[in-house]
Amino acid sequence: MEHLVSVIVPCLNEEDSLRLLYEGVCEHMPCPFEIVFVDDGSTDGSLRVIKALRSEDDRVHFIAFRKNFGKAAALQAAFRNCRGDIVITMDADLQDDPRELPHFIEKIDEGYDLISGWKFHRNDPLEKRLPSKLFNRVVSQMSGVHLHDFNCGYKAYRQEVVNSLDLYGELHRFVPVLASRKGFTISEIKVQHNARKFGRSKYGLERYFRGLFDALTVGFLSRYYDRPMHFFGKIGTVSGVVGFLICFLLLIQWLMGASLSERPLLQLGILLIILGVQLFSIGLLGDMIIANFFRSRYDESHIREKE
């Protein structure tokens, strides 16, 4: 089956590597393709290089941001403007090897919806590899999606997968989790990871703190996105029951003549009851919002096929 492949390349200050990357894609892509460069507010000559490539080859397209909005925003913009039935994302720094492109397409043709790259031999310093290993292990445990390398930007998707995604913040790291929640099939392949030739990494250790918070968000969404009452209701019920039992025991003591005027336990019991009611109410409101959302925006991304 012949495909049209959209290769999406977010870039930030990578002017030295863009033409080499373009030439690598042209050399190794086995089927018709387009390249969509997303200039994420570069301050060097990246956009100039991209426009030169565009003038030479009409398969090259670009999206230019006014300022740096981050990788998730860059991917989201490209996902909404690409035409391929297969979408491949790769970094602009030449660490993702274009020779792997046919392997991604072959794996997609096996029937999977999303293929994630695994940088088996990673050419990065130890201070980047160790936090990444910890991050991948935590995300795997929290999400139930067991991949070796969530951070790898080298991925291939069927078009219906990217159409179902809404990325923001650091959620580009959790695309396999978001796709799995919608029922898409996921696999991974080992990919060659090259040493960086030009420039320097745009990411520091702070990205792992941002990623941790987004991991908590994704962990919650993957389990309770369409049933928030199951989360808030459980905690609210426990809090309310414990508060009620405390107040009931204090009531028995009061009936037996004990004074409650200086009992902090009474305040705790009342606080737990109020907290339980509030959490239960949040769960109900969440269910109402979700019900209204699904009535107003019917989403068929979970349907495999229909006639």
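Here a biologist asks a modeller how the labels on this predicted model are earned.

Biologist: What should I know before we start?

Modeller: This is a predicted model, so local features need pLDDT of at least 70 and side-chain atom pairs count only at pLDDT 80 or more, while totals for chains, interfaces and linings use all residues. Residues are numbered from 1 along each chain as its sequence is written, and side-chain values use heavy atoms, with hydrogens and water left out.

Biologist: How many helices and strands does the protein have, and what makes a stretch count as one?

Modeller: Ten helices and seven strands. They are DSSP runs, numbered from the N terminus: H or I with at least four residues for a helix, E with at least two for a strand.

Biologist: Why is cysteine 11 called buried?

Modeller: Buried means under 20% relative accessible area, exposed means over 50%, and partly exposed is in between (1.4 Å probe, protein chains only). Cysteine 11 has 3% relative accessibility, so it counts as buried. Cysteine 247, at 19%, is therefore buried too, whereas cysteine 26, at 26%, is partly exposed.

Biologist: What touches cysteine 11?

Modeller: Contact means heavy atoms within 4.5 Å. Leaving out residues up to four places away in sequence, cysteine 11 touches Leu18, Val38, Asp39, Asp40, Ser42, Ile50 and Ala92. Alanine 92 is 81 residues away in sequence, yet the C-alpha atoms are 5.5 Å apart.

Biologist: How many disulfides does the structure hold?

Modeller: Zero. A disulfide would be a pair of cysteine sulfur atoms within 2.5 Å.

Biologist: What makes strand 1 mostly covered?

Modeller: Seven of the seven residues in strand 1 (residues 5-11) are buried. One side has Val5, Val7, Val9 and Cys11, the other has Ser6, Ile8 and Pro10, and both faces are covered.

Biologist: How do you know that strand 1 pairs with strand 2?

Modeller: Two strands pair if DSSP finds at least two bridges between them. Seven bridges join strand 1 to strand 2 (residues 33-39), and the two run parallel. Among the partners, serine 6 is matched with glutamate 34 in strand 2.

Biologist: What covers the buried residues of helix 3?

Modeller: Eight of the nine residues in helix 3 (residues 71-79) are buried. Their cover includes strands 1, 2, 3, 4 and 6, along with helix 6.

Biologist: Why is the pair of aspartate 166 and arginine 80 called a salt bridge?

Modeller: The rule asks for a side-chain nitrogen of Lys or Arg within 4 Å of a carboxyl oxygen of Asp or Glu. Here the closest N and O atoms are 3.4 Å apart, so the pair passes. The two partners sit 86 residues apart, with aspartate 166 in the loop between helix 6 and helix 7 and arginine 80 in the loop between helix 3 and strand 4. By this rule the count comes to nine salt bridges.

Biologist: Why does aspartate 96 have no salt bridge?

Modeller: Lysine 119, the nearest side chain of opposite charge, is 6.2 Å away, and the rule wants atoms within 4 Å, so no salt bridge is called. For charge, Lys and Arg count as positive and Asp and Glu as negative; His and the chain ends are not counted. Aspartate 96 is buried all the same, in the loop between strand 4 and helix 4. A polar atom of its side chain lies 2.8 Å from the backbone nitrogen of aspartate 91.

Terms used: A polar contact is a pair of N or O atoms within 3.5 Å; within protein, one must be able to donate a hydrogen and the other to accept it, and residues adjacent in sequence count only if both atoms are side-chain atoms.
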